[in-house]
Amino acid sequence: MESRLRTGSEAEKDLAEFIGEKLREAYEVASKHGIIVGHVSRLQEAGIDGKSPIVIDVDPKTYYTLQDTAVHRLGDYLVVVDPKTLKFILLRITRIVRKDELAGLGIDPSLSMLPGGPDPRGLLTATRIEGEPVVEADPGSLDEPVPASSSIEPQSPVIDPSPGILSKLLSIPGEGVLLGALSTFSGPVKNYSIRVALPYNALLQHVLIVGTTGSGKTTLMKNMVASMYSRGSKSVVAVIVDMNQDFTQLPLPPDGATLRDPVYLNVYKEARPPPAIVSVFPLPGMVIRSIMGDVEGLDGLEAVVRAATSQYAEETYKPLLGSDTPGSAVIEKYGVVGGYTNLGFSLIAVPYAINTTTMESERMATLLPGLSNLARDLLRLLRERFRRENGFYPPIQAIHAAVRHYIRASKKRGDADIVETVSVHASSYVIAKDPEMSVTAFTTFQVGDTGASMLGMTEKLLEEIEKAMPHRDTIEALYRRLNALLESEIVDIAVSMDTTNRVLLLREPPWKGIVQLSLEHSAPVVLDLRWPMDKGLGSLEGPRLVVYRMLESLVSWKTRAWISRERTPKVIVMIDEAHQFFPQERHSREEQEANRQIASLISRIARLGRARGLGLVFSTHSPRDLHDIILQLANTKIVLRTERQHAERLDLPGEITRLLANLPDRVMVVMSHVVRGGYLVARTSPPVTAHFDISKDISHG
């Protein structure tokens with residue numbers, strides 16, 4: 001009996017020595033990979049159940065003397081070194097607890113070492129840190145970290161890890177589109193030395209950026225674009241939808257304050273403004289009309305478009321540069337293009353209009369959101385039958401005139417009645433060089449090498465409508481949408497330049513060609529919608545049509561290239577103010593149908609995105625006004641300061657939602673499948689390109 005007890009005691013002693021050796025080894029390993037700040041508490045359970053925090057005790061000397069360590073910041077990271085396996089278990093700090101133990105014991109303040117003041121001895125107590133396990137890994141292995149599931153031992157050493165260990169455990173992508181530096185909600189992690197980027201594959205699975213005005217949303221997007229072009233990439237193209245001319249400033253240098261910012265100094269030093277920009281600007285008919293009235297000696301449509309391009313360049317960049325822009329060096333490529341090279345960067349200005357005379361009927365759907373299936377079928381029938389006979393699709397003006405005449409005219413239509421109606425219609429939607437020039441029903445629309453008179457086209461289309469015998473609701477629905485197209489002044493801009501009444505239509509530059517220009521000049525593409533709106537295009541109808549057409553054109557080109565196994569660059573479309581183009585569903589039947597059709601387009605792009613190399617980045621300050629399909633399709637969500645009701649719509653974790661309304665500028669929560677632990681916090685630099693507020697006096701913002 002005595003022998004057995006002695007043997008059991010010796011076994012316990014051996015086990016204690018074994019555990020002690022393991023603990024010493026764990027502390028040795030810990031000291032090599034960071035600063036030891038404490039140990040897993042002996043007084044609390046260390047449970048791994050996905051709910052209970054791990055409690056860490058930090059002695060007062062460490063707490064007070066190591067001010068720059070993670071133990072002072074909520075959301076920062078600590079690492080437990082497991083003595084059993086020497087694995088590293090990453091914790092995210094969720095709570096920091098301090099307690100005055102003397103006060104808890106009821107010791108009279110009169111015993112204070114400082115007469116009449118506080119008693120510092122009450123603060124000579126351990127700090128309690130609570131953390132949630134995130135991932136675990138063997139630091140010596142090349143294996144990826146896995147979700148934390150191993151048991152954690154009391155007394156295990158806890159370190160503030162080195163930047164290298166922290167990056168490995170978080171598996172933070174270092175390559176791709178740079179977002180900023182790892183941070184907490186209130187301050188830096190590792191002095192902003194750890195890069196946070198999104199791989200291009202994540203962008204191809206679509207991104208939603210949310211932030212209130214002034215939170216840094218536009219700054220983040222500018223910095224993302226700058227990082228894409230800083231290495232002269234020939235395989236990625238950024239196309240930015242710009243509602244406020246924020247991104248036309250991309251090639252200009254930043255404010256000097258940016259160069260002193262710690263995030264810039266640590267992770268953005270290689271980022272530079274792109275050397276060039278491809279600026280695509282819709283050219284509304286009202287601008288053409290103004291130029292033709294103000295500028296003498298214009299001898300053709302191309303001359304008018306060149307003058308408009310020069311006007312665009314001057315009005316866009318003179319307020320920024322403080323000097324006149326040079327004359328246009330016209331590049332006859334992919335349409336009429338203005339090239340400017342002595343601005344300090346290269347501006348490739350591409351005037352844009354939509355031309356339906358070469359557009360396949362199935363591509364017309366994006367220009368007619370809300371159109372019923374029956375009305376769309378009727379339009380397809382009219383266009384396809386006309387094309388088979390004439391070799392081109394009829395311009396919108398002719399279809400609109402035929403539909404209008406069908407609705408308004410009596411059953412007995414005489415030739416004179418048709419001529420009068422069509423002449424009035426033609427004069428309303430054709431821009432004449434001479435305001436007194438008569439634009440009549442006999443005006444010839446020139447399409448390629450062929451042409452037809454307005455009257456002839458209308459009569460042929462009327463015949464087809466009469467054969468189809470459409471329901472009144474169908475023909476009226478088609479009329480309303482065609483009318484909206486023409487009133488947008490973006491679609492089928494018709495110009496009569498001479499006394500022969502020959503009408504030319506503005507060409508539509510192909511988006512494949514625009515992407516090629518971007519590659520040739522290592523330049524992002526900016527779709528500038530502010531300039532035409534400032535020129536009087538007050539409605540959003542025109543800008544929306546251009547954006548829908550752009551998306552449809554890109555996905556169609558990508559699909560054709562994929563079928564023929566043609567290699568194409570990755571295209572990342574960044575849509576600022578996305579709620580303006582993809583709004584939440586409304587109440588009227590046509591609005592609901594329009595939203596359904598646009599949602600179908602976005603869904604199709606999202607499905608094809610990864611395989612075809614087309615990604616979408618949506619940005620909005622109001623996710624409540626954004627269509628549900630975008631919230632569902634965005635696999636990565638980046639949230640800056642925003643109102644609580646907006647955050648709740650994004651289905652964020654509760655601990656994040658509570659803090660979002662008070663986030664500092666340029667601090668973001670990144671939620672993505674590429675991020676370990678579900679989310680991380682990052683801070684971007686001030687703009688690494690110019691960021692002027694052109695709505696006020698010119699100053700850096």
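Biologist: What counts as buried, and which residues are on the covered face of strand β17?

Modeller: Buried means under 20% relative accessible area, exposed means over 50%, and partly exposed lies in between. This is a predicted model. Strand β17 covers residues 444-447, and its uncovered face holds T444 and Q446. The covered face holds F445 and V447.

Biologist: Is T444 buried, exposed or partly exposed?

Modeller: T444 belongs to strand β17. Its relative accessible area is 28%. Buried requires under 20% and exposed requires over 50%, so T444 is partly exposed.

Biologist: Which residues does T444 contact, leaving aside its neighbours within four places in sequence?

Modeller: Separation in sequence does not settle distance in space: T444 and S496 are 52 residues apart in sequence and 9.3 Å apart, C-alpha to C-alpha. Contact means heavy atoms within 4.5 Å. With those neighbours left aside, T444 contacts G451, A452, S453, N501, R502 and V503.

Biologist: In which sense does β17 pair with β18, and in which with β20?

Modeller: Strand β18 (residues 450-453) shares 4 bridges with β17, and there Q446 faces G451. Strand β20 (residues 502-505) shares 3 bridges with β17, and there Q446 faces L504. The pairing with β18 is antiparallel, and the pairing with β20 is parallel.

Biologist: Which residue takes a positive phi in the hairpin of β17 and β18?

Modeller: The hairpin has 2 residues between the strands. The phi in question is near 65°, and the residue is G448.

Biologist: How many of the 13 residues of helix α11 are buried?

Modeller: Helix α11 runs over residues 396-408, and its end C-alpha atoms are 18 Å apart, which agrees with the 18 Å expected at 1.5 Å a residue. Its buried residues include I396, A401 and H405. The helix is largely enclosed by the rest of the structure, because the number buried is 10.

Biologist: Are α15 and α17 roughly parallel or roughly perpendicular?

Modeller: Helix α15 (residues 511-521) and helix α17 (residues 541-563) pack with their axes 9 Å apart, at an angle of about 85°. Angles of 65 to 115 degrees count as roughly perpendicular, so α15 is to α17 roughly perpendicular. Where they meet, W511, K512 and V515 in α15 face M550, S553, L554 and W557 in α17. The term asked for is roughly perpendicular.

Biologist: Over which residues does pLDDT stay under 50?

Modeller: The mean pLDDT of the protein is 84, and 88% of its residues reach 70 or more. Where pLDDT is low, the predicted coordinates should not be read in detail. The stretch under 50 has 12 contacts beyond four places in sequence, and it is residues 695-701.

Technical notes. Residues are numbered from 1 along each chain as its sequence is written. This is a predicted model: local features need pLDDT of at least 70, side-chain atom pairs count only at pLDDT 80 or more; totals for chains, interfaces and linings use all residues. Side-chain values use heavy atoms; hydrogens and water are left out. Buried means under 20% relative accessible area, exposed over 50%, partly exposed in between (1.4 Å probe, protein chains only). Two strands pair if DSSP finds at least two bridges between them. pLDDT is the predictor's confidence in each residue, from 0 to 100. The expected span of a helix is 1.5 Å times one less than its number of residues. Axes are lines fitted to C-alpha atoms, for helices over the stretch in contact, and angles run from 0 to 180 degrees between N-to-C directions. Angles under 35 degrees count as roughly parallel, over 145 as roughly antiparallel, 65 to 115 as roughly perpendicular and the rest as oblique.
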